[in-house]
Amino acid sequence: MNRLALALLGAAFLAWSADACRECHSALDGNLGSPAKTYDADIHGRRGFSCHDCHGGDPNKAELHGPMKVRRTTVAALCARCHSNADLMHKFNPRPRVDQHTQFLTSVHGKRLAAGDEAAATCIDCHGVHGILPVKDPRSPTHPLKLPDTCSRCHSHSARMAKYKIGTGQYADYRQSVHWHALEQRGDLSAPSCASCHGNHGAAPPQVGSVTAVCGSCHVLLEQLFSKSPHQPVFSMMSEGACTICHGNHKVEKPTPAMLSGATSACVQCHEPDTKGGVAAAEMFTQSKKLSDALDRSDRRLSEARGFGMEVSEAQLKQIEAREQLVKARVAVHTFDLAEFNKPVQEGLTLAAATLQAGDEAMREKDWRRIGLGLSLITILVTIAGLRLAIRRLESNPAAPGEKG
Ligand code: HEC
Ligand code: HEC
Ligand code: HEC
Ligand code: HEC
Ligand code: HEC
Ligand code: HEC
Ligand code: HEC
Ligand code: HEC
Ligand code: HEC
C-alpha cells in the first residue's frame with residue numbers, strides 16, 4: 001500500500017469511526033496491524049482506553065503520523081502514569097494497588113533497566129502488550145500456572161543470561177519440585193509459583209535472612225519450631241537461607257527419612273557421626289524407620305483380617321491416628337531435639353502396637369470361628385450319617401409285627 005492509498009483508507013474509516021488509530025491500524029499487516037487486532041480482548045480496551053492513551057497522538061486525525069515508538073526503558077513510567085495514580089485507578093476499582101512501579105524500581109529488573117540495561121524484565125515482558133488480560137485470568141501470562149514459562153523466556157535462555165553471574169537452571173529445577181507438582185497436578189493454588197517467593201514486582205532473590213521467612217509464610221509451624229531450635233542462631237549467620245540448606249530452593253523434593261542417614265543425608269554436611277548432632281540424626285532415622293515399619297505391619301495384619309470378613313473398623317480408625325504421629329514426627333525433626341522428636345514416635349508406636357494386637361485378635365477369632373464351624377459341620381455330618389444308618393436298618397429289617405398296614 002502506498003502512502004496516498006493509506007491516507008484515503010484512513011479518511012474513509014474516519015467517516016464512520018471515531019478512532020482513527022484503531023481503524024487504520026486494523027487494515028495494516030504484521031506488527032503494525034496486530035496491536036489493533038488483539039486489542040478487543042485487552043483490559044484497557046474493555047475499560048474504554050484506546051491507542052492514544054499510551055502512544056499519544058490524535059485519534060480524530062485519519063492521517064499518517066510521526067514516530068510513536070515506545071522505548072523499553074520508558075515502558076514502566078508509561079504504565080505508571082495510570083497505575084501509580086490512585087485517583088484515576090480508584091474510578092475503576094474500589095481498592096486498587098498503586099505500588100507496582102515503586103516496587104518495580106526496587107527490584108533487580110527495575111534497577112538494571114534504570115541503568116540502561118534493556119535485557120531486564122519490564123511490565124510488558126510479564127503482562128504482554130495490546131492483549132493485556134486481568135491477572136486472575138487463567139490465560140494471563142502472570143497466572144501461577146503460566147508464570148514459570150513467562151520468567152523462563154529469559155531465565156532459561158543461556159545466551160540472554162550469559163553476561164550475568166547467575167545460572168539458568170531455576171525453571172528446570174522448579175519443574176521437578178513438590179511445589180510445581182502440587183500446583184500443576186493437583187491444581188493446588190496455595191503452592192508457590194515463581195512470584196510467591198520472589199514477589200510480583202519486587203522480583204529479587206529473597207535476602208539471606210528472609211528465605212526462612214519466605215518458606216515460613218506458608219509453612220508456619222515448621223518455621224516456629226526451627227526458630228527455637230539449636231540450628232537457628234548458627235544457620236541465620238550462613239550465606240544460604242535456613243530451610244534451603246536442607247531442602248534446596250527451586251528443586252524442593254518430597255522429604256524422606258533418607259535425609260537423616262546415609263550418603264544423601266542433609267546432616268552429614270556438618271555433623272560427624274560421633275558428635276551429638278550425628279548421634280541425634282542416626283537415632284531419628286532409626287526411630288522413624290521403627291515407627292513406619294510398625295505401622296506397615298499393623299496395616300498388613302488389619303487388611304488380612306478384613307479380607308476374611310472380620311470387623312476391624314475401630315482399629316483402622318486408630319491406625320489413621322497412629323499414622324498422624326509419623327507426620328508429627330517429621331515435623332518435630334525441626335526442633336532438632338531428640339526428646340521432642342521421640343514424643344510422637346512413642347505415641348505412634350503405642351498406637352501401632354494396639355492396632356497390631358487388634359488385628360491379631362481378629363485373626364484368632366477368625367480361627368475360632370472356623371474351628372466352631374468345623375465342629376458343627378462334623379456334628380451335622382455325624383447326625384446325618386446316624387440317621388441314614390437308622391433308616392437303612394429300618395428298611396432292611398422286615399416289618400416289625402403289628403406295623404403291617
Ligand atoms: C497500555 C498501553 C498501550 C496501548 C493501549 C496500546 N499500546 Fe501499542 N505499544 C505499547 C508499548 C509499551 C509498545 C512497545 C512494545 C515493545 O517494545 O515491544 C507498543 C508498541 C506498538 C507498536 C509497535 C509494534 C512493533 O512491534 O514494532 C504499534 C504499531 C502499536 N503499539 C500500535 C498500537 C495500536 C494501534 C494501539 C491501539 C489499538 C495500541 N498500540 C495500544 C503500549 C500500548
Ligand atoms: C492513516 C493510517 C494511520 C493512522 C490513522 C494511524 N496510524 Fe499509526 N501507523 C501507520 C503506519 C503506516 C505506520 C508505520 C509508519 C512507518 O513505518 O513509518 C504506523 C506506525 C505506528 C506506530 C509504530 C511506532 C512507530 O513510530 O513506528 C505506532 C505506535 C502507531 N502507529 C500508533 C498510532 C496511534 C496511537 C494512532 C492514533 C493516534 C495512529 N497510529 C494512527 C498508520 C496509521
Ligand atoms: C517480573 C514480572 C512482572 C513485571 C516486570 C511486572 N509485573 Fe505486574 N504482576 C506480575 C505478577 C506475577 C502479578 C500478580 C499475578 C497474580 O496476582 O496472580 C502482577 C500483578 C499486576 C497488577 C494487578 C494488581 C497487583 O498489583 O497485583 C497490575 C496492575 C500490574 N501487575 C501492573 C504492572 C506494571 C504497571 C508493571 C511495570 C511497572 C508491572 N506490572 C511489572 C508480574 C510482573
Ligand atoms: C491510561 C491509563 C492506563 C495506562 C497507561 C495503563 N493502564 Fe493498565 N489498567 C488501567 C485501568 C483503568 C485498568 C483496569 C483496572 C481495574 O479494572 O481494576 C488497568 C488494568 C491493567 C491490568 C489488569 C489488572 C488486574 O487487576 O487484573 C494490567 C495487568 C495492566 N493494566 C497492565 C498495564 C501495563 C503493563 C501498562 C503499560 C504497558 C498499563 N497497564 C498501562 C489503566 C492504564
Ligand atoms: C525480559 C527478560 C526477563 C524476564 C521475563 C524475567 N527476568 Fe528476571 N532478570 C532478567 C535479567 C536480565 C536479570 C538481571 C540478572 C542479574 O543482574 O544478575 C534478572 C534478574 C532477576 C532476579 C535477581 C537475580 C540476582 O540474583 O541478581 C530474580 C530473582 C529474577 N530476575 C526473577 C524473575 C522472575 C521470578 C521472573 C518472572 C516473574 C523474571 N525474573 C522474569 C531478565 C528477565
Ligand atoms: C519456594 C520458593 C521459590 C520459588 C517457587 C522460586 N524461587 Fe527462585 N529463589 C528462591 C530462593 C530461596 C533463592 C536463593 C536466594 C538466596 O539464596 O539468597 C532463589 C534464587 C533465584 C534466582 C537468583 C539466581 C539463583 O539461581 O540463585 C533467580 C533468577 C530465581 N530464583 C528465579 C526463579 C524463577 C524463574 C522461578 C520460577 C520458575 C523461581 N525462582 C521460583 C526461592 C524460590
Ligand atoms: C506459597 C506457599 C508456599 C511457600 C512460599 C513455600 N511452600 Fe513448600 N509447600 C507449599 C504447599 C501448598 C505444599 C504442598 C503440600 C502437600 O503436599 O500437601 C508444599 C510442600 C513442601 C514440601 C513437601 C512436603 C511434603 O510432605 O511432601 C517441602 C519440603 C516444602 N514445601 C518446603 C518449602 C521450602 C524449603 C520453602 C522455601 C524455599 C517453601 N516450601 C515455600 C506451600 C509453600
Ligand atoms: C537441618 C536440615 C533441615 C532444615 C534446616 C529444615 N528441614 Fe524440613 N525436613 C528435614 C528432614 C530431615 C525432614 C523429614 C524427612 C522424613 O523423615 O521424611 C524434613 C521435613 C520437612 C517437611 C515435610 C513434613 C511433613 O509433614 O511430612 C516440610 C514441609 C519441611 N521439612 C519444611 C521445612 C521448612 C519450611 C524449613 C525452614 C523453616 C525446614 N524444613 C528446615 C530437614 C530440614
Ligand atoms: C549447615 C550445617 C548443619 C547441618 C546441615 C545440620 N546441622 Fe545440626 N547443628 C549444626 C550446628 C553448627 C549446631 C550447633 C552445635 C553446637 O551448639 O555445638 C547443630 C546442632 C544440632 C543439634 C543439637 C546438638 C547439641 O549439641 O545440643 C542436633 C540434635 C542437630 N544439630 C541435629 C541435626 C540433624 C538431625 C541434621 C540433619 C537433618 C542437622 N543437624 C544438620 C550444624 C548443622
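**Ligand shells and the domain interface**

In the shell around ligand 5, a polar side-chain atom of His155 is placed 2.8 Å from a nitrogen atom of the ligand. The structure is a predicted model, and the distances reported below are to be read in that light. A second histidine, His109, likewise has a polar side-chain atom 2.8 Å from a nitrogen atom of ligand 5, while a polar side-chain atom of Arg112 lies 2.6 Å from an oxygen atom of this ligand. These three residues, together with Cys151 and Cys154, come nearest to ligand 5 among the 19 residues that surround it. At least two residues of this shell are supplied by each of α9 (108-114), α11 (147-155) and α15 (194-198), and α11 gives the most, with 5 residues. By class, the surroundings of ligand 5 comprise 13 nonpolar, 4 polar and 2 charged residues.

Ligand 6 is surrounded by 15 residues, of which Gln170, Cys194, Cys197, His198 and His250 are the closest. An N or O atom in the side chain of His198 is 2.8 Å from a nitrogen atom of ligand 6, and a polar side-chain atom of His250 also lies 2.8 Å from a nitrogen atom of the ligand. The side chain of Gln170, by contrast, is directed to another kind of ligand atom, with an N or O atom 3.0 Å from an oxygen atom of ligand 6. The elements that give two or more residues to this shell are α11, α13 (170-174) and α15, with the largest share, 3 residues, coming from α15. The shell around ligand 6 has 8 nonpolar and 7 polar residues, and no charged residues.

The shell around ligand 9 also holds 15 residues, the closest being His231, Ala266, Cys267, Cys270 and His271. Polar side-chain atoms of two histidines are found at 2.7 Å from a nitrogen atom of ligand 9, one belonging to His231 and the other to His271. Two or more residues are contributed by α18 (231-235) and by α20 (276-307), and α20 gives the most, with 4 residues. In terms of class, 11 residues of this shell are nonpolar, 3 are polar and 1 is charged.

The position of ligand 9 can be related to the division of the protein into domain 1 (206-254) and domain 2 (276-396). Because both domains give residues to the shell around ligand 9, the ligand lies between them. The centres of domain 1 and domain 2, taken over C-alpha atoms, are separated by 40 Å, and 8 residues of domain 1 are in contact with 5 residues of domain 2. The area buried between the two domains is about 580 Å², of which carbon and sulfur atoms give 78%. On the side of domain 1, Leu222, Leu225 and His231 lose the most area to domain 2, and together account for 58% of what that side buries. His231 thus appears both in this group and among the residues closest to ligand 9.

Across the interface of domain 1 and domain 2, 0 salt bridges are found, and there are 0 residue pairs in polar contact when both residues are required to have pLDDT 80 or more. Helix α17 (residues 220-227) gives the most to the side of domain 1 that touches domain 2, with 4 residues. By class, this side of domain 1 has 5 nonpolar and 3 polar residues, and no charged residues.

Methods. Residues numbered from 1 in each chain as written. Chains lettered and ligands numbered in written order. Predicted model: local features only at pLDDT ≥ 70, side-chain atom pairs only at ≥ 80, totals over all residues. Heavy atoms only, no water. Near = heavy atom within 4 Å. Polar contact = N/O pair within 3.5 Å; in protein donor to acceptor, adjacent residues only side chain to side chain. Nonpolar A, V, L, I, M, F, W, Y, C, P; charged D, E, K, R; others polar. Domains from an automatic or database assignment. Contact = heavy atoms within 4.5 Å. Buried area = accessible area lost by both parts, 1.4 Å probe. Salt bridge = Lys/Arg side-chain N within 4 Å of Asp/Glu carboxyl O.
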